[in-house]
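Here is a short set of questions on a protein chain. Keep the structure open as you read.

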Amino acid sequence: MRPLLDTLYRGTIHMVCRNKDKAEEARADIVKETGNKEIYVHILDLSETRKVWEFAENFKKKFKTLNVLINNAGAIMSQRDVNAEGLEKSFAVNVLGVYILTKSLIPLLEKSPEPRVISVSSGGMLVQKLRIGNLQSERGRYDGTMVYAQHKRQQVVMTEQLAKTHTNIHFSVLHPGWVDTPAVANAMPDFHRSMKDSLRTPEQGADTVVWLAVSEAAAANPSGHFYQDRRVAPTHLLLAWTHSSPLEEQKLLSLLEDLAKTFQPH
């Protein structure tokens, strides 16, 4: 973890968070532990699609480069809800927000000598086949856990596709393991109760994220891979029915691009 320590002690870190109080508390802990005051808090709710665009555009005006982008925000909804733009909220956070933030910050990333983009997915995506005909979860019964898993499948496809079109940036996506977080406890209480003694700590869950962000070994692997425990992992179970066609995967990116442009400030 030496590279992480070096990053925390010497790097400039931008924390993009929804909850200001929790963000400032985390920043204070990092500053106290490392002495590094180059830790900046930005308040943004990724479910507010237009504000994601506005944040990214303002960030590009204020800062000259970006070395690593880590997409970690996530949402599991107990029932279907929509944001101010009429988009299903968890889709806005888990998929469209990630797409907008990543695509709009690519010009900054390209100014870095070794740019990287890491998205935190979930092993739950292994039970989902890519669906591009119901992105807003408007049809059928709404199951927040399965909707979340579908979004995590979409993140994997998004990563693979972006890696093909932006070859000078190293893209990766990962399953952090099942981590004991409030989100898991609230969204999947039965799972949390039965597995509580086996769940990972947040520090353990962050290990592969950090490794992908700073290690030379990670950058030596081809771009676009899915990881678990610092190793490239399969994106489908053996003999699974979850494979999709290249045309469907390309269509997802096309749909996201069109949808993103709808809310882009002019």
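The turns below go from the whole chain to its ring pairs and then to one serine.

This is a predicted model: local features need pLDDT of at least 70, side-chain atom pairs count only at pLDDT 80 or more, and totals for chains, interfaces and linings use all residues. Residues are numbered from 1 along each chain as its sequence is written, and side-chain values use heavy atoms, with hydrogens and water left out.

Q: How many helices and strands does the chain have?
A: Helices (H or I, at least four residues) and strands (E, at least two) are DSSP runs, numbered from the N terminus. The chain has 10 helices and 7 strands.

Q: What share of the 266 residues counts as buried?
A: Buried means under 20% relative accessible area, exposed over 50%, and partly exposed in between (1.4 Å probe, protein chains only). Of the 266 residues, the buried share is 45%.

Q: How many aromatic pairs does a search of the whole structure find?
A: Rings of Phe, Tyr and Trp (its six-membered ring) pair if their centres lie within 6.5 Å; planes under 30 degrees apart count as stacked, over 60 as edge-to-face and the rest as tilted. The search of the whole structure gives 3.

Q: What kind of aromatic pair do Phe55 and Phe59 form?
A: Both residues lie in helix 3 (residues 49–62), 4 residues apart, about one turn of the helix. Their centres are 5.7 Å apart, with 40 degrees between the planes, and the pair is tilted.

Q: Is Phe59 buried or exposed?
A: Its pair partner Phe55 has 14% relative accessibility and so counts as buried. Phe59 has a relative accessible area of 6%, so Phe59 is buried.

Q: Which residues do ring pairs link into a cluster?
A: Phe55 and Phe59 form an aromatic pair. The cluster linked by ring pairs consists of Phe55, Phe59 and Phe63.

Q: Where does Ser104 lie, and which residues is Ser104 in contact with, leaving aside its neighbours within four places in sequence?
A: Ser104 is in helix 4 (residues 89–109). Its relative accessible area is 4%, so Ser104 is buried. Contact means heavy atoms within 4.5 Å. Leaving aside neighbours within four places in sequence, Ser104 is in contact with Trp53, Ala56, Glu57 and Lys60.

Q: What share of the contacts in the chain with a separation of 6 or more comes from residues 24 or more positions apart?
A: The count takes contacts with a separation of 6 or more. Residues 24 or more positions apart account for 74%.
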